[in-house]
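Please give a short report on this protein. Cover its overall make-up, its charged contacts and its nonpolar surface.

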Amino acid sequence: MTAERTVSLSFRVTPSFARLLEQAAALEHRSKTNLVETLVLQFCQAKGLLVDDLAVPLRPAHAGNQRPTRGA
């Protein structure tokens, strides 16, 4: 199996959004890129959007950070 090459993606955000992204990534022990990728993949999975091999369940960075669901 050959590793897929990555592509560069660039977009502009406000300074406050950039700070929030930095804080959120640190909280989850992820890079900013990994956090954005994870969130977008979760959104796409919830909407039923599948692309190639990305249709796999995502694991949280730390299971201990998850909040219990109602009724659990």
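## Overall make-up

Of the protein's 72 residues, 8% count as buried. The model is a predicted one. Its accessible surface comes to about 6900 Å². Carbon and sulfur atoms hold 58% of that area.

The secondary structure consists of two helices and zero strands. Helix H1 covers residues 15-27. Helix H2 covers residues 32-46.

## The salt bridge

How many salt bridges does a search of the whole structure find? The search finds one. Its partners are Lys32 and Glu22, with the closest N and O atoms 3.2 Å apart. Lys32 lies in helix H2 and Glu22 in helix H1, so the pair ties together parts that are ten residues apart in sequence. Side chains of opposite charge can pair when their charged atoms come close.

Are the two partners buried, exposed or partly exposed? Lys32 has 39% relative accessibility and counts as partly exposed. Glu22 has 42% and also counts as partly exposed. Both values fall between the 20% limit for buried and the 50% limit for exposed.

## The nonpolar patch

Leu9, Phe11, Val13 and Phe17 make a nonpolar patch on the surface. The area of this patch is about 440 Å².

Of these residues, Phe17 can be placed in helix H1. Phe17 has 41% relative accessibility, so this residue counts as partly exposed. A patch residue needs over 30% relative accessible area, and the 41% of Phe17 meets that cut-off.

Note on methods
Residues are numbered from 1 along each chain as its sequence is written. This is a predicted model: local features need pLDDT of at least 70, side-chain atom pairs count only at pLDDT 80 or more; totals for chains, interfaces and linings use all residues. Side-chain values use heavy atoms; hydrogens and water are left out. Patches are made of residues with over 30% relative accessible area and no salt bridge: like charges are joined within 9 Å, nonpolar side chains (Val, Leu, Ile, Met, Phe, Trp, Tyr) within 5 Å. Accessible areas come from the Shrake-Rupley method with a 1.4 Å probe; for residues, only the protein chains shown count as cover. A salt bridge is a side-chain nitrogen of Lys or Arg within 4 Å of a carboxyl oxygen of Asp or Glu. Helices (H or I, at least four residues) and strands (E, at least two) are DSSP runs, numbered from the N terminus. Buried means under 20% relative accessible area, exposed over 50%, partly exposed in between (1.4 Å probe, protein chains only).
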